[in-house]
Every structure is written in structure tokens, then in C-alpha cells.
Amino acid sequence: SETNNAGQYVKLVKMVRLVRLVKLLRLFKMGRIFEKHKDEFFNIVRFMACIKLMVILLYLGHIFGCIFYFFSSEDWLTDWEKDQRDKGMLQPWLYVMYGEDPLEA
């Protein structure tokens, strides 16, 4: 009886493998669908490449702007620059471009 059950399990495993093989045949169908729509697909890929490039450039511009602003802050001024600023001979570029700091007014 146990040998009969073992034989049935082997047959069941072979059936599962056969079903997986049938699923594998779907790949051929996907290849035909891809060939049919490849022009549309490649147009989308080119468009997405342009969008990706713009997003990367925008992000890099933002990061470099943040770095520039960070190093333009008060903490990074040298003693000479602080002295010249206190005498009124040197103004930070942010104040020159955009006016006095609204937080200090």
C-alpha cells in the first residue's frame, strides 16, 4: 500500500512539472506580443530616459545649491572676512543679491 502511495506521489510530482512546462510555453507568446509592440515600447523607453535625465539634473542642481548655501553661511567665514563685514567693507553675496536678512529685521 505504501509503495502504491509513493507511486501516486511520483505521478503527482510529474503532473506538477508538466503544468509548469505548459506555463513556460507562454514565454513564446510573450515574444510575439513584444515583437508586435516593440516600436511603441522603444518610444516609451526613449521618453523615460529623457525624464530620468531631467530628474537627475534637477536633483544634482538642488544638492549643489544646498552645498553652496551651506558653505556661504556665517560658520564658514574666516576671521578676516568677519572683520571686514563688521567694518561694513564686505557684504555677504546673499544680502547683496536679495537684500538684508528678513529674520534680523
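## A tour of a four-helix chain

Start by colouring the protein chain by confidence: the low point is helix α1 (residues 2–24), with a mean pLDDT of 75, and the high point is helix α3 (residues 79–86), at 88. This is a predicted model. Over the protein chain, pLDDT averages 81. A score of at least 70 is reached by 91% of the residues.

**Whole chain**

Switch to cartoon. The protein chain has 4 helices and 0 strands. In sequence order the pattern reads α-α-α-α. The radius of gyration is 34 Å, well over the 13 Å that the globule rule gives for 105 residues, so the protein chain is more spread out than a compact globule.

Zoom out until the whole trace fits. Along the principal axes, the C-alpha atoms fill a box of roughly 100 × 45 × 25 Å.

Now turn on the surface. What share of the 105 residues counts as buried? The figure is 1%. The protein chain exposes about 10,300 Å². Carbon and sulfur atoms supply 68% of that area.

**Helix α1: lysine 14**

Select lysine 14, which sits in helix α1. Its relative accessible area is 55%, so lysine 14 is exposed, the cut-off being over 50%.

Add glutamate 40 and draw a C-alpha to C-alpha distance. Lysine 14 and glutamate 40 are separated by 26 residues in sequence and by 40 Å in space.

**Helix α2: the nonpolar patch**

Move to helix α2 (residues 26–71) and pick tyrosine 59, which is found there. Is tyrosine 59 buried or exposed? Tyrosine 59 counts as exposed because its relative accessibility is 53%, against a cut-off of over 50%.

Next, extend the selection to Ile56, Tyr59, Leu60, Ile63, Phe64, Ile67, Phe70, Phe71 and Trp76. Together these residues make a nonpolar surface patch of about 900 Å². Show them as sticks under a transparent surface.

**The cysteines**

Select cysteine 50 and cysteine 66. Cysteine 50 has 48% relative accessibility and counts as partly exposed. Cysteine 66 is also partly exposed, at 39%. How many disulfides does the structure hold? The count is 0.

**Helix α3 and the salt bridges**

Go on to helix α3 (residues 79–86), where the mean confidence is highest. Show side chains from here to lysine 87. How many salt bridges are counted? There are 2.

Take the pair of lysine 87 and aspartate 83 to begin with. Their closest N and O atoms are 3.3 Å apart, and the two residues form a salt bridge. Lysine 87 is exposed, with a relative accessible area of 53%. Aspartate 83 is partly exposed, at 35%.

Then select arginine 85 and aspartate 86. Their side chains meet in a salt bridge, at 3.2 Å from N to O. Aspartate 86 is exposed, at 58% relative accessibility. Arginine 85 is partly exposed, at 24%. Why does arginine 85 not count as buried? Buried means under 20% relative accessible area, so at 24% arginine 85 falls in the partly exposed class.

**Last view**

Return to the full cartoon and colour by helix. The 4 helices run in the pattern α-α-α-α. Keep the nonpolar patch, including Tyr59 and Trp76, on display. Keep the salt bridge of lysine 87 with aspartate 83 in view too.

How values were computed. Residues numbered from 1 in each chain as written. Predicted model: local features only at pLDDT ≥ 70, side-chain atom pairs only at ≥ 80, totals over all residues. Heavy atoms only, no water. Disulfide = S-S within 2.5 Å. Buried < 20%, exposed > 50% of the residue type's maximum accessible area, 1.4 Å probe, protein only. Salt bridge = Lys/Arg side-chain N within 4 Å of Asp/Glu carboxyl O. pLDDT = per-residue confidence, 0-100. Helix = DSSP H or I, 4+ residues; strand = E, 2+ residues; numbered from the N terminus. Rg over C-alpha atoms; globule rule 2.2 N^0.38 Å. Areas by Shrake-Rupley, 256 points an atom, 1.4 Å probe, with all protein chains shown as cover. Patch = residues over 30% accessible without salt bridge, like charges linked within 9 Å, V, L, I, M, F, W, Y side chains within 5 Å.
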